[in-house]
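Welcome! Please take a moment with the sequence and the model shown here, and then read on for a short guided tour.

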Amino acid sequence: QEQFRRTGTSHHLSISGLHIAVLGGFIYCACRILRLRPRVTVILTTAFVFLYGIAALPSPPVVRSVMMGIFIGLGFAIGRRRDAVQLLSISVIAMLIYQPLDLLSPGFQLSFGTVLGLIIFTPRLDNWFRSLKADEWPLTRQKTRSTMSLAYDQFIRAFSAGIVAWVISFPLIAYHFGQIN
């Protein structure tokens, strides 16, 4: 724990991109509930993500999340196709132009490595788990069956992401901190 505190990794783990995505999603949903036009909604959400990024401490996960949010928002606003790996690559290049030595930082490697792994491997693992599921839930009514299927799908999606994140981050944590958690 002392190594995590000293290197700032505990901060990187607590200030992650998830809370930026959740807050951006909240603003997006609020704008949609207010029936704002989609383009205005995306612009407001992107502006919020940018302002939040200015207010937060500039750690690699926060900068990555803010940059991804801005790039995705710009893609929606101008009507372009968005590819997650390309957006992540643009974020990496922009961050390394700003601070090239971040490449050697454990927080940078954990942040970008884990996100890249999640983008690439989670859908594949998710599809593999789904292929194992039986077609029907036995002895249940239709409404219960669809609820169980939805719950199963959500569980499998979260479980797949958790496994991928662990497998990607495990060797980096072991290498940088000499710990196996």
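## A tour of the model

A161 touches L118 and T122, once residues up to four places away in sequence are set aside. This is a predicted model, and A161 is a good place to begin reading it. The residue belongs to helix α8, which covers residues 142-177. A161 is partly exposed, at a relative accessible area of 25%. Its C-alpha atom is separated by 8.1 Å from that of D126, although the two residues are 35 apart along the chain.

Let us step back to the whole chain. The protein chain has 8 helices and 0 strands, and its elements follow one another from the N terminus as α-α-α-α-α-α-α-α. Of its 181 residues, 29% are buried. The accessible surface of the chain amounts to about 11,900 Å², and carbon and sulfur atoms hold 69% of that area. Among contacts with a separation of 6 or more, 63% join residues 24 or more positions apart.

Now for the interior. Which residues make up the largest nonpolar core? The 8 members are M67, M68, L87, L88, M95, F108, F112 and V115. At least two residues of this core come from each of α5 (60-78), α6 and α7 (106-131). Another core, of 6 residues, lies apart from it and includes I20, A56, V62 and I70. As background, nonpolar side chains in soluble globular proteins tend to be buried together.

S91 gives a further view of the inside. It sits in helix α6, residues 84-98. Is S91 buried or exposed? S91 counts as buried because its relative accessible area is 0%, which is under 20%. Beyond its neighbours within four places in sequence, S91 is in contact with R64, M67, M68, F71 and F112. Three of these names, M67, M68 and F112, also appear in the list of the largest nonpolar core.

The outside has its own points of interest. F50, L51 and I54 form a nonpolar surface patch, and together they have about 320 Å² of accessible area. I54 lies in helix α4, which spans residues 38-55. This residue is exposed, with 56% relative accessibility. R35 is found in the loop between α3 (17-33) and α4. The phi angle of R35 is near 60°, a positive value in a residue other than glycine.

The table gathers the relative accessible area of several residues, so that you can look each one up in the model.

| Residue | Relative accessible area | Class |
|---|---|---|
| S91 | 0% | buried |
| C31 | 7% | buried |
| A161 | 25% | partly exposed |
| C29 | 43% | partly exposed |
| I54 | 56% | exposed |
| R35 | 75% | exposed |

Two cysteines in the table lead to a last topic. How many disulfides does the count come to? The count comes to 0 disulfides. A disulfide is a covalent bond between the sulfur atoms of two cysteines. Why is C29 not bonded to C31? The closest cysteine sulfur to that of C29 is in C31, at 9.4 Å, and the pair is therefore too far apart for a bond, as a disulfide needs sulfur atoms within 2.5 Å. Seen from the other side, the sulfur of C31 has its closest cysteine sulfur in C29, again at 9.4 Å. C29 is partly exposed, whereas C31 is buried.

How values were computed. Residues numbered from 1 in each chain as written. Predicted model: local features only at pLDDT ≥ 70, side-chain atom pairs only at ≥ 80, totals over all residues. Heavy atoms only, no water. Helix = DSSP H or I, 4+ residues; strand = E, 2+ residues; numbered from the N terminus. Buried < 20%, exposed > 50% of the residue type's maximum accessible area, 1.4 Å probe, protein only. Contact = heavy atoms within 4.5 Å. Patch = residues over 30% accessible without salt bridge, like charges linked within 9 Å, V, L, I, M, F, W, Y side chains within 5 Å. Areas by Shrake-Rupley, 256 points an atom, 1.4 Å probe, with all protein chains shown as cover. Salt bridge = Lys/Arg side-chain N within 4 Å of Asp/Glu carboxyl O. Core = buried A, V, L, I, M, F, W, Y, C linked by side-chain atoms within 4.5 Å.
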